[in-house]
Amino acid sequence: MKFMKLGSKPDLFQSSGENTRYVAAELATDMVVNVGNIKFYLHKFPLLSKSVRLQNMLAISSDESTNELELHDIPGGPGAFEICAKFCYGMTVTLNAYNVVSARCAAEYLEMNESVEKGNLVYKTEVFLDSSIFKTWKDSIIVFQTTKSFLPWSEELKVVHRCLDSISSKASMDPSRVEWSYTYNRKKISNENGTESPLYNGVRKQLTVPKDWWVEDLCDLHIDLYKRVIITIKAKGRVSLDVVGESLKAYLHRKLKKGDDVKNRLLIETILFLLPTERNSVSCDLLIQLLQECVRLDCGETQKDILVKRIGQQLQNASVADLVNVDVDLVQELVKTFIMQDQVADHGDEHGFLEVKFVDSGAKVKVAKLIDLYLAEIARNPDLPLLKFTDLADMVSTLSRPSHDGIYRAIDMFLKEHPGISKTERKKLCRLMDCRKLSAEACMHAIQNERLPLRVVVQILFFEQMRASATGSSRSATTNTEEEWDSVPTSEELKTLKGELACLKISEGGNSNQKSKGMHLMSSRILSKLFTGKDKDSDNESSDTSESPCSTSARETKTNTPSRSRRHSTS
């Protein structure tokens, strides 16, 4: 921190009680100055020689015998006045970033300018501000913070303006020119070439200054001052908008406090006002946090709608960690906004003006996977209604994705946490996934999952056999039609299927290749009967002639056990 020493005489100011200050000198004091609740017993000559205001006040004083003056409106109060008085006496005074504004404003109030004496206090404080304070990053911030207590004086004396210019100019500077200290406690960046910076005496030093080096230091500012700085930085136009977004995010995290909704609402409204309007200029996690707080604090539908639109337009950049605490209804709004980008959008024109927008296919895949992960998280809530789960899953069903492993995991989690749902509800839930798009690992898990309906397991086995078939049949040749879901296998078919499933439960020493091979050896005739609706007699004959020894053994040993006992969950 920069400082300036003024004067050379020793400090002779002393206290007498709590409310009295005097100068310990041989010469008796001849004037009293009341500032706030403090009485100052001083000498006329040193003060009048440097202050025009005190000269004028004494000249018009009605009581010449006491020479007592009232200065209750001096900016900075007793502390600032004492600095000015010590300067008048020639005593040592140290100016620094914390007291220079109060000294400057008090000196202006007392009219301690060059018309009375050269090198007066107004001049000295101006020299210190211009030559030292505004050339230093952290001192400029400290001084700017103190200006709030001296309004409107600090504004009229252009101290606020100069602080804003100093801070914004330094923040807008090329990082390679930054040579002063700054606070940077967040994740350290690596060197531009991807290598870590070297160690100096055991301490790692950054070889390059990060472009957001100034963000954390501004978090110390009061919200009104912070707002003015960001507006000034944006007006200069030399700082990238993503860095501005990082600053807003850091400030929000620093200032958001639990239990103080009034201050929090002001904070959210200020951040929303400062948000860059350009698309993708602000990280999705910041927008989502703002949306949550906006809803919680009831900041208004207009602000909420703006945030929903902005998040929806870049939903592919969000993570499940960002969404996990967001209400399901709100997530549905975000997904709807995202999907609407790929449709014909009505702008509300009375003539029906339309605009067609398109979404990148990669973004669609990311959003589909994101919602799959989100569904898996909210499925853990035992109070989550099935309708909310299925409605959200249906919204992304049109977004093509190569794998349905994610939605399968979400369905399995929902079944696990909601064991009491009906058979019809289970069937409705399982229709959300396409068995043809499950990976081999997911299929292996599913056929042993006792929570899945039996028909789903049958379908998975069928599609796995189709995929592995050497006849070249396509997995996409069959779909999950209503007839497939409603087809009812015979009791003999179910017994045979249970025997086949029992064969798939490999001993603990078995490996994954054996399991996969066992799955592909599943009887094609049994599975065909379940989906083609052959007559019962023909099916029974096929079952009798094609069942494996393993399936026969399973039927014999498990006649009195529940039909699902050989399937289990590995989740």
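**Exercise 1. Work out how many helices and strands the protein chain has, and how its residues are buried and in contact.**

Step 1: The protein chain holds 27 helices and eleven strands, where helices (H or I, at least four residues) and strands (E, at least two) are DSSP runs numbered from the N terminus. This is a predicted model, in which local features need pLDDT of at least 70, side-chain atom pairs count only at pLDDT 80 or more, and totals for chains, interfaces and linings use all residues. Residues are numbered from 1 along each chain as its sequence is written, and side-chain values use heavy atoms, with hydrogens and water left out.

Step 2: Of the 571 residues in the protein chain, 46% are buried (buried means under 20% relative accessible area, exposed over 50%, partly exposed in between, with a 1.4 Å probe and protein chains only).

Step 3: Turn to contacts, meaning heavy atoms within 4.5 Å. Among those in the protein chain with a separation of 6 or more, 69% come from residues 24 or more positions apart.

**Exercise 2. Describe how helix H11 packs against helix H12.**

Step 1: Two packed helices are described by the angle between their axes and the distance between the axes. Here H11 (residues 261-274) and H12 (residues 284-296) pack at about 135°, with axes 10 Å apart. Axes are lines fitted to C-alpha atoms, for helices over the stretch in contact, and angles run from 0 to 180 degrees between N-to-C directions.

Step 2: H11 is therefore oblique to H12 (under 35 degrees counts as roughly parallel, over 145 as roughly antiparallel, 65 to 115 as roughly perpendicular and the rest as oblique).

Step 3: Now list the partners. Asp261, Asn264, Ile268, Ile271 and Leu272 of H11 meet Leu290, Glu293 and Arg296 of H12. By class, the residues of this contact are four nonpolar, one polar and three charged (Ala, Val, Leu, Ile, Met, Phe, Trp, Tyr, Cys and Pro count as nonpolar, Asp, Glu, Lys and Arg as charged, and the others, Gly among them, as polar).

**Exercise 3. Is H17 roughly parallel or oblique to H19?**

Step 1: Helix H17 (residues 386-395) and helix H19 (residues 423-430) pack at about 20°, their axes 10 Å apart.

Step 2: That angle makes H17 roughly parallel to H19.

Step 3: From H17, Leu386, Leu387, Phe389 and Thr390 make the contact, and from H19, Glu425, Lys428 and Leu429. The contact of H17 with H19 has four nonpolar, one polar and two charged residues.

**Exercise 4. Find where lysine 158, aspartate 298 and proline 152 lie, and what sets their backbones apart.**

Step 1: Lysine 158 lies in the loop between H7 and helix H8 (159-171). Its phi is positive, about 65°, although lysine 158 is not a glycine, and at 52% relative accessibility lysine 158 is exposed.

Step 2: Aspartate 298, in the loop between H12 and helix H13 (301-313), has a positive phi near 55°. Aspartate 298 is exposed, with a relative accessible area of 63%.

Step 3: Proline 152 sits in the loop between helix H6 (137-147) and helix H7 (153-156). A cis peptide bond joins leucine 151 to proline 152, with omega about 5°.

**Exercise 5. Are serine 132 and valine 458 buried or exposed?**

Step 1: Serine 132 is in the loop between helix H5 (121-131) and H6. With 17% relative accessibility, serine 132 counts as buried. Leaving out residues up to four places away in sequence, serine 132 touches Lys2 and Val127.

Step 2: Valine 458, in helix H21 (residues 454-468), is buried, at a relative accessible area of 5%. Valine 458 is eleven residues from isoleucine 447 in sequence, and their C-alpha atoms are 8.1 Å apart.
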